[in-house]
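Hello,

Here is the structure we talked about. Please open it alongside this note; what I found follows below.

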Amino acid sequence: MLDVILCTYNSEDTIKDCVDSILGQTFSDFNLYVFDDNSKDGTVELLREFNDDRITLISSEGNVGTYAAKNFVFKNFCKSQYIALH
């Protein structure tokens, strides 16, 4: 098992391709934690369209920055022995 952390902010132009690429890997035993850092565009709506149990969407009420976001996900969600940062 592997946990993958993906932080995003105002990424509606690229987020679908990014998540599709992660989900399409040959290794499929992972959890994908997507931290949206208070996007103001359609990023969250696009993420909600994915129907995959491996994805957990975490939405921030304020912009905290990528390092704080990664640390938050790591401390509060990750349970696997291995963690990958996207």
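**Strand β1 and its surroundings**

Six of the seven residues of strand β1 (residues 2–8) are buried, so the rest of the structure largely encloses this strand. Keep in mind that this is a predicted model.

β1 has two pairing partners to look at. One is strand β2 (residues 30–36): the pairing is parallel and runs over seven bridges. Within it, Leu6 stands opposite Val34 of β2. To get from β1 to β2, the chain passes through helix α1 (residues 15–23), and this β-α-β crossover is right-handed.

The other is strand β4 (residues 82–85). β1 and β4 also pair in the parallel sense, over four bridges. Here Asp3 has Ile83 of β4 as its bridge partner.

**The nonpolar cores**

The largest nonpolar core has 13 residues. Which of them touch the most other members? They are Leu6, Val19, Leu23, Leu32 and Ile55. β1, α1 and β2 are the elements that give two or more residues to this core. The top contributor is α1, with five residues.

Leu32 is a good place to zoom in. Leaving out residues up to four places away in sequence, Leu32 touches Val4, Leu6, Val19, Ile22, Leu23, Arg54, Ile55 and Thr56. Apart from the largest core lies another one, of eight residues. Its members include Cys7, Phe35, Ile58 and Ala69.

One point for reading β1 and the other strands: in a regular strand, side chains alternate between the two faces of the sheet.

Best wishes

Note on methods:
Residues are numbered from 1 along each chain as its sequence is written. This is a predicted model: local features need pLDDT of at least 70, side-chain atom pairs count only at pLDDT 80 or more; totals for chains, interfaces and linings use all residues. Side-chain values use heavy atoms; hydrogens and water are left out. Buried means under 20% relative accessible area, exposed over 50%, partly exposed in between (1.4 Å probe, protein chains only). Two strands pair if DSSP finds at least two bridges between them. A crossover is right-handed if, with the strands pointing away from the viewer, the path from the first strand over the helix to the second runs clockwise. A nonpolar core is a set of buried Ala, Val, Leu, Ile, Met, Phe, Trp, Tyr and Cys residues joined through side-chain atoms within 4.5 Å. Contact means heavy atoms within 4.5 Å.
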